[in-house]
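Colleague: I'd like to walk through this one with you, one question at a time. Can we have it on screen first?

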Amino acid sequence: MFEVNENYLKLPGSYLFSTIGKKVSGYSRKNPDRKIIRLGIGDVTRPLVPAIIEAMHEAVDEMGKAKTFHGYAPDLGYGFLREEIAKKDYQARGCDISADEIFVSDGAKSDCGNIQEIFSGGCRIAVCDPVYPVYVDSNAMAGRCGDYDEARGLWSNVIYMPCTAENGFVPEIPDERPDLIYLCVPNNPTGTALTRQQLKVWVDYANDIGAVILYDAAYEAYIADEDVPHSIFEIEGARTCAIEFRSFSKNAGFTGVRLGFTVIPKDLKSGDVEVHGLWARRHGTKFNGAPYIVQRAAMAVYSDEGRAQLREQVAYYMNNARVIYEGLKAAGYQVYGGVNAPYIWMKVPGGMSSWEFFDWLLETANVVGTPGSGFGPSGEGYFRLTAFGTYESTVEAVGRLKKG
Ligand code: PLP
């Protein structure tokens, strides 16, 4: 008789957003006349900008002619895009990153979920708490997290680094020694970021103890503060200890189009083994390249026209973030984030739990957010609202919250 991977059986309940989905559809079925505003899931709502659509159309036309048709894309990405990324995202910021250190993929979720495969099963992970759940879950599937304590919401073999209002949402160097350190900056869900100085502490620490920082910069485009770096490779020493994940989902609205990339410097080594080579091998074996049409579309993200249009799109969402932040603050809530990320992280009022507040908000204001406890035990007592809605629905949701 075959046996399944038992690690999957240890995973807690269903994924956060399916629980939310079930609660919301249950409520809608009972109250069909209520207009629900969804500020829960971090999906974008603005359409693709004209420069991207134009680039896509051109690529579609190329695919319709024998002479310009493209079959399988190179596993690691087309040279034209890797060069453009290296130049505009890295070299222009003074980062020493070359095109062959960039691996194009179908998105950051796949990469930050899969990266753990190239490290030994004995590696110990450290995560910020709360954080994007994919890091812990993907390691739990690989058997690296030990056992799950349902009551406390903790895995026995994970090093949690609490990020709460008390420490300004800045993770502290843990007492125990990790091998893989996940940092998500700007952070989902807290919407907070690390300054250059704060990140340098982590780079020095990782180099000191021989750990790898897995740096998820999916929200890089939303950074507004001058002292927040856009890439970990802006920090001296990062080439020997860091891997960076980027996504086109939130800077260009590619959540349904799918594209991302991972940067692995050739100086990142375990003994004399280059991690770069392992990821290239994995990519070549398990991934058949991102679509030509999509990689062409991504080129428009870097054109002058595309950049200008996307700046406006980011500004649209960040205006929503401001509306939520200021509205809730004026109503007396304790709010965080919303400056370098499209997420507002609020303290749940009146001693309610995160899920109690979710239910209360759904029923009294018909607004959907995300309970903080879904992102880790230190998220309990907090709640996430996203700025990815329309301006009109954001204003209406804040108005309802104020009344509530
Ligand atoms: N990383 C973080 C922190 C995210 O919040 C998300 C999506 O919400 C992703 C990665 C996924 O990005 P992608 O759409 O490129 O898979």
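Colleague: Let's start with α3 and α11: at what angle do their axes cross?

Modeller: Keep in mind that this is a predicted model, where local features need pLDDT of at least 70, side-chain atom pairs count only at 80 or more, and totals for chains, interfaces and linings use all residues. Residues are numbered from 1 along each chain as its sequence is written, and side-chain values use heavy atoms, without hydrogens or water. Helices (DSSP H or I, at least four residues) and strands (E, at least two) are numbered from the N terminus. The axes of α3, residues 50-63, and α11 come within 8 Å, and they cross at roughly 135°.

Colleague: And what do we call α3 relative to α11, parallel or oblique?

Modeller: Axes are lines fitted to C-alpha atoms, for helices over the stretch in contact, with angles from 0 to 180 degrees between N-to-C directions. Under 35 degrees counts as roughly parallel, over 145 as roughly antiparallel, 65 to 115 as roughly perpendicular and the rest as oblique. The crossing is at roughly 135°, so α3 is oblique to α11.

Colleague: Which residues of α11 does α3 touch?

Modeller: Contact here means heavy atoms within 4.5 Å. The contact holds 4 nonpolar, 2 polar and 1 charged residue (Ala, Val, Leu, Ile, Met, Phe, Trp, Tyr, Cys and Pro are nonpolar, Asp, Glu, Lys and Arg charged, the others, Gly among them, polar). From α3 come Pro-50, Ala-51 and Ile-52, and in α11 they meet Glu-305, Gly-306, Gln-309 and Leu-310.

Colleague: α3 also packs on α10, so what mix of residues is in that contact?

Modeller: The axes of α3 and α10 (residues 292-299) come within 8 Å and cross at roughly 145°. On the α3 side are Ile-52, Ala-55, Met-56, Ala-59, Val-60, Glu-62 and Met-63, meeting Tyr-292, Ile-293, Arg-296 and Ala-297 in α10. Sort them by class and you get 9 nonpolar, no polar and 2 charged.

Colleague: How far apart are the axes of α2 and α12?

Modeller: Residues in this pair include Leu-16, Ile-20 and Tyr-27 from α2, with Trp-355 and Phe-358 among their partners in α12. The contact has 7 nonpolar, 1 polar and 3 charged residues. The two helices pack at an angle of about 35°, and their axes are 11 Å apart.

Colleague: On to the empty space! Which element gives the most to the lining of the largest pocket?

Modeller: On a 1 Å grid over the protein atoms alone, a pocket is an open set of points with protein on both sides within 12 Å along at least five of seven lines, a cavity is a set where a 1.4 Å probe fits but cannot get out, and lining residues have an atom within 4 Å of a point. The largest pocket is lined by 36 residues, with Pro-12, Pro-133, Asp-137, Tyr-148 and Gly-374 nearest its centre. α2, α5, β3 and α6 each supply at least two lining residues. With 5 residues, the top contributor is α6.

Colleague: What is the volume of that largest pocket?

Modeller: Its lining divides into 19 nonpolar, 11 polar and 6 charged residues. Grid points are joined across faces, edges and corners, and a volume is the space filled by probe spheres set on the points. For the largest pocket, this comes to about 880 Å³.

Colleague: How many charged residues line the second largest pocket?

Modeller: This pocket has a volume of about 550 Å³. Of its 21 lining residues, Arg-93, Glu-220, Ala-221, Arg-307 and Arg-311 are closest to the centre, and α11 gives the most, with 5. Next to 12 nonpolar and 2 polar residues, the charged ones number 7.

Colleague: What about closed spaces: how much space lies in the largest cavity?

Modeller: There are 2 cavities of 30 Å³ or more. Lining the largest are residues including Cys-128, Cys-163 and Cys-184, and the classes come to 9 nonpolar, 3 polar and no charged. The space inside is about 80 Å³.

Colleague: Last one: which residue is joined to Pro-130 by a cis peptide bond?

Modeller: Most peptide bonds are trans. The bond from Val-185 to Pro-186 is cis, with omega near -5°. Pro-130 sits in the loop between β3 and α6, and its cis bond, with omega about 10°, joins it to Asp-129.
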